[in-house]
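Me: I am a first-year student, and I would like to go through a protein structure slowly, one question at a time. Could you take me through each step of the reasoning?

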Amino acid sequence: MKTKSLIVITFLAVLALTLSGPATMPVGATLAVAPLPLARSVGEKPEPVLNEHEGVGIAQQAQSVELVGQIGGSTNAVAVQGNYAYIGVGPRLVILDISDPAHPTVIGQTGVLPDIVGSVVVSGSYAYVANGWYGGLRIINISNPFSPTEVGSYDTPEYALDVAVSGSYAYIADGYSGLRIISVSNPSRPTEVGFYDTPGFAQGVVVSGFSAYVADGGSGLRIINFSNPSSPTEIGFHDTPGFAYGVVVSGNYAYVTNVDKGLRIINISNPSSPAEVGFYDTPGWAWGVTVSGSYAYVADVSGGLRI
């Protein structure tokens, strides 16, 4: 397995030796985030520790410490369906009633998932969560938004960073393990049916037709045909400058965020020979992007929202 960079995740954990009754976010509460840093080791999948040095010692000396609750954390993912928004708050999926947009209200949340919620997609009665190194793909039944329940999971080989869903399949951008294709026809027993090991670090993925468009870090945009899900093949690529982080597709164009190299616009009308037709070098770090009509909306970190 390829080496992975040290990932720093943030959430406030409540630990106790004898306490009971897990701390949760009260239904009806407004959202409040109070993150604290939690460093994690790399390599094989060990149990999380507080940090590289002190945390290891604490874990060795306090074998009876038990996680009894958790609240808050960084918000890295959002999906909207109807009157509900589904957001990742630290290691939980939280559901908000947004029927009154000025006063969103927490109505439900999952238990603590194995890792930070990095991406979420909603399809029908299920939310599909890319849950990082420790969590892989998690499938949450949201038919009752007041009581979302995990019904299935699949532990991908690397770091599940992004997820797209089309038909009976989930497509996972899995870091150094490339694109993973998971059958979710039975949500309680998701199974991998195929994969394509991209040359870079699969960070983002979007699906259009029978093609997956992968933002592959230092290896740019990769276009993978999955008409045969058990044997996906690369049909084209464009080596963008910088680090390809996020991707969306609209019509004949792929819009790729490239961190310090801004937004790149790639013509994909000929998937075997995609070509850059334009770019805008945003002032910050271009991470997220969505397109509506003739406008691209870029989450530019310190540069704010750029349109």
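Reply: Before we begin, contact here means that heavy atoms lie within 4.5 Å. Please also keep in mind that this is a predicted model.

Me: Leaving aside its neighbours within four places in sequence, which residues is Glu-276 in contact with?
Reply: Glu-276 belongs to strand E24, which covers residues 275–280. When neighbours within four places in sequence are left aside, the residues in contact with Glu-276 are His-238, Pro-241, Arg-264, Ile-265 and Ile-266.

Me: With which side chain does the side chain of Glu-276 make a polar contact?
Reply: One residue to consider is Arg-264, which is twelve residues apart from Glu-276 along the chain, with 7.0 Å separating their C-alpha atoms. The side chains make a polar contact at 3.0 Å, and the partner of Glu-276 in it is Arg-264.

Me: Does Glu-276 count as buried or exposed, or as something in between, and why?
Reply: Buried means under 20% relative accessible area and exposed means over 50%, with partly exposed in between. Because the relative accessibility of Glu-276 is 28%, this residue counts as partly exposed.

Me: Is Thr-240 buried or exposed, and why?
Reply: Thr-240 sits in the loop that lies between strand E20 (233–238) and strand E21 (246–250). Its relative accessibility is 3%, and therefore Thr-240 counts as buried.

Me: Which side chain makes a polar contact with the side chain of Thr-240?
Reply: Apart from neighbours within four places in sequence, Thr-240 is in contact with Gly-220, Leu-221, Asn-258, Arg-264 and Ile-266. The polar contact between side chains, at 2.7 Å, is with one of these residues, namely Asn-258.

Me: How many residues does the largest nonpolar core have?
Reply: The residues with the most contacts inside this core are Leu-93, Val-120, Ala-127, Val-129 and Ile-142. Strands E5 (75–81), E7 (92–97), E9 (119–123) and E10 (126–130) are the elements that give two or more residues to the core. Val-129 is in contact with residues including Leu-93 and Val-120, once neighbours within four places in sequence are left aside. The number of residues in the largest nonpolar core is 14.

Me: Which strands are the edge strands of the open sheet with the order E5-E6-E7-E8?
Reply: Four strands form this open sheet, and their pairing is antiparallel. An edge strand pairs on one side only, and the strands that do so are E5 and E8 (105–109).

Me: Which residue in E7 is the bridge partner of Ile-87?
Reply: Strand E6 (residues 84–89) and E7 run antiparallel and are joined by six bridges. The bridge partner of Ile-87 in E7 is Val-94.

Conventions. Residues are numbered from 1 along each chain as its sequence is written. This is a predicted model: local features need pLDDT of at least 70, side-chain atom pairs count only at pLDDT 80 or more; totals for chains, interfaces and linings use all residues. Side-chain values use heavy atoms; hydrogens and water are left out. Buried means under 20% relative accessible area, exposed over 50%, partly exposed in between (1.4 Å probe, protein chains only). A polar contact is a pair of N or O atoms within 3.5 Å; within protein, one must be able to donate a hydrogen and the other to accept it, and residues adjacent in sequence count only if both atoms are side-chain atoms. A nonpolar core is a set of buried Ala, Val, Leu, Ile, Met, Phe, Trp, Tyr and Cys residues joined through side-chain atoms within 4.5 Å. Two strands pair if DSSP finds at least two bridges between them.
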